[in-house]
Amino acid sequence: MSSAIDNVVVLGSGAATWHLNRTLQLYRETVNPGLQFVNVDLIHTQAENSHLKDDPLNVNLFGFSDQILRFVADRGTTGQLAAVEAIDVKYNLRRDIRLPAINLREAILASEAGLGVARWRTVRVFISSTFLDFHGERDLLIRHALPELRSRARALRLDLQVVDLRWGITAQDAESARQVELCLSEVDRCQLFVGLLGARAGQTADTSRVTDPRLLEFLATQKDELSLTALEMLYATRDAERARQTTVFYERDPAFIRLVPGELMKQFSDMAVGRRRVLELRSQLQSRGCLISKYLAEFGPLGHGRHGATGLQTFGEMVLEQLWNILQTRYPLEGGGCDLVTEEYTLQHEWAVSRQLIGRKARLARAVEEVERGQGRFVLVSGKPGSGKTSFMARVYTQLVDTSDSATRLLVPAFSGAGQQCASSAGLVAYLRALLARQPLSAEPRHRQAAELAELLAVRGRRQHVVIVLDGLDALWSTEGEPAADWIPERLPQNVTVLVSADEGGPLYRRLNSQSMVVGVTLELLHHHSKTLEEKAWNNQLRTLTSKRGAGDPLYLQLACEELRTFGVFEQVTDGRESAWLSVKLSSLGQTVSALIQDIISRLEETFDAGMVRQVLCAVTISAQGLAEDDLFEFLKQDYRNLTQFTFSSLIR
């Protein structure tokens, strides 16, 4: 040999054996006493070997980094460090090898144009009928059939929204005769229309306050004595071709009227005149090609002193299946040929920009400002559970999308509640790594992908300001524990910012707060606006709601409004007085989120079998990762053999 070897580096594991130790001893005795041996155990699967511990020239290292390579090269005497740093010259390589800047927004546009990514779309359903005689049908649709339809629609990437104007028209609007313009404008905004016909035509609508030119043009072609319900149905079917594809109509069997007691007859029938007007309306709808399906109903109590149609399960199943067929026909799932990374990013983006945020402009501006500063740090958005962190994070992301130059800033949305990959820490890491590397998802272990992700952040940060918007890790922590966040680097590269949300005082919050370069943005509970509300004459019920102890919590307001909208009792407003039931219901709502949830559970126990409700809650609680709906249904069928799929769907929705 022309020169002695002074460094031996072994990359792998299990290399330090007795035979190797003996070879090193012989070489040092006969050739080079200063031979340095370095064993780099890349995955640290072996215990430190006792054969190599005694000699200071034998070094065991675990893992791998640039610092390890530099340490090994520095130990040599033949200029290995210089050789390493000059390797690009020797092999004619580019000195500045960087990943090119990427424009993820262009990826979205490309996906929409040809890659077939399934985008989220919104479909609104308008329910039209006279009010007093159709509480039974409307309750069934709002509480049971349409929630099941909404669940099915998610498979088509559809966000189904239901418009039921028993809720939403204020006393001022009613008194100022603006209902016609408001209702017809809502019909315009909806993609599907459900019309219900009975024996009442309803009161003649006051069209004197309509100002919209399009609506005035339509009203000029109609008779003077039409009710608001008739106007809604005729307006929805003015384009006969479209109406045949987007509207469904149902007529209650006339025999139902014979079941109604005499003292309640006015609530369900306008007698001969009203019946004639209903027949005229039905004839007009049929002349436009609209199919009107008949259904049977019984008469009975609806609760809270109300009476109406009962025995409507067949009706509900018919509406559900007809609307589901329309959705499948008009809104088929797009694409399916794109890569999973592009699809996940598109779903994340579309979901984030669809979220709404009310108020908090000052904190929003501050959060955006902190993110735009860069400087390799975390921006921590904290608040109590239910304080609106996710909507806030989505709004920050959307504002950054609107104001950022994609050539200089790379925005990466990662919301655990959107898409599929980000629903677990392993999927989240794989998504981020693949997105930054512009490669397909990898099946490598999570710890290896996390190491690659850290390197990719450093590389991308040299070219663009990388901003990762990370929301929902608290939910992952609750199921996976600390590993849900152990992949997050303790220090970020200089031009990388991570905007992350966490429950105030929770384990993720404490972990992130212990790191350096953390800037906090705390979301306080919403403030009460009692002074503003008191200036309005119609706000007694709204003031009752906002005076609750939990009303500063967006989650409380969301649950309360959904409970009132879906399970409210809507009676006619007379002389400007609001429904007495609604006022009583508002007053009885629990003061906090936990109390309100208990109210909801109590209502479920009253509506369904109390034992079944408890059994569902217990089964979901003790299951390790939740239960699929089919599994839960089969589980309940063991004790409740008469349980139907429709009843089950109503319970879990």
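Which strands does helix α14 lie across? In this predicted model, the list runs to β4 (121-128), β5, β6, β7 and β8. Helix α14 runs at about 165 degrees to β7. That makes the sheet a good place to start.

The strands in question build an open sheet, and there are 5 of them, in the order β5-β4-β6-β7-β8. Their pairing is parallel. In general, the strands of a sheet pair through backbone hydrogen bonds, and the pairing can be either parallel or antiparallel. Here, β5 (158-163) and β8 (292-295) sit at the edges, each pairing on one side only. Going from one strand to its neighbour, the average turn is 20 degrees, with direction ignored.

Now for a closer look at β7 and its partners. Strand β6 (residues 192-197) runs parallel to strand β7 (residues 247-252), and 5 bridges join the two. Along this pairing, Phe193 stands opposite Thr247 of β7, while Leu196 has Tyr250 as its bridge partner in β7. Strand β7 also runs parallel to β8, this time with 4 bridges joining the pair. There, Glu251 stands opposite Lys294 of β8.

Is β7 enclosed or open to the outside? Since 6 of the 6 residues of β7 are buried, the strand is largely enclosed by the rest of the structure. Both of its faces are covered. On one side sit Thr247, Phe249 and Glu251, on the other Val248, Tyr250 and Arg252, and all of these are buried. Helix α14 is one of the elements that lie across β7, and helix α13 (residues 271-287) is another, lying across β6, β7 and β8. Helix α13 runs at about 135 degrees to β8.

Next come the charged side chains. A search through the whole structure turns up 26 salt bridges, and a few of them are worth a visit. One is formed by the side chains of Arg143 and Asp139, at 3.7 Å from N to O. Both residues belong to helix α6 (residues 135-153), and they are 4 residues apart, or about one turn of the helix. Arg143 and Asp139 are both buried.

Another salt bridge brings helix α14 back into the story. The side chains of Arg152 and Glu321 meet at 3.2 Å, N to O. Arg152 lies in helix α6 and Glu321 in helix α14 (residues 313-330), so this pair ties together parts that are 169 residues apart in sequence. How accessible are the two partners? Arg152 has a relative accessible area of 22%, which makes it partly exposed. Glu321 also counts as partly exposed, at 35% relative accessibility.

A third salt bridge joins Arg409 to Glu372, with the closest N and O atoms 3.9 Å apart. This pair, too, links distant parts of the chain: Arg409 is in strand β12 (residues 409-415) and Glu372 in helix α16 (residues 361-372), 37 residues apart. Arg409, at 15% relative accessibility, counts as buried because the cut-off for buried is under 20%. Glu372, in contrast, is partly exposed, with a relative accessible area of 37%. Beyond such pairs, salt bridges can also share partners: Arg366, Glu369, Glu370, Arg373 and Arg377 are joined into one network in this way.

Notes: Residues numbered from 1 in each chain as written. Predicted model: local features only at pLDDT ≥ 70, side-chain atom pairs only at ≥ 80, totals over all residues. Heavy atoms only, no water. Salt bridge = Lys/Arg side-chain N within 4 Å of Asp/Glu carboxyl O. Buried < 20%, exposed > 50% of the residue type's maximum accessible area, 1.4 Å probe, protein only. Pairing = 2+ DSSP bridges. Axes fitted to C-alpha atoms, helices over the stretch in contact; angles between N-to-C directions. Contact = heavy atoms within 4.5 Å.
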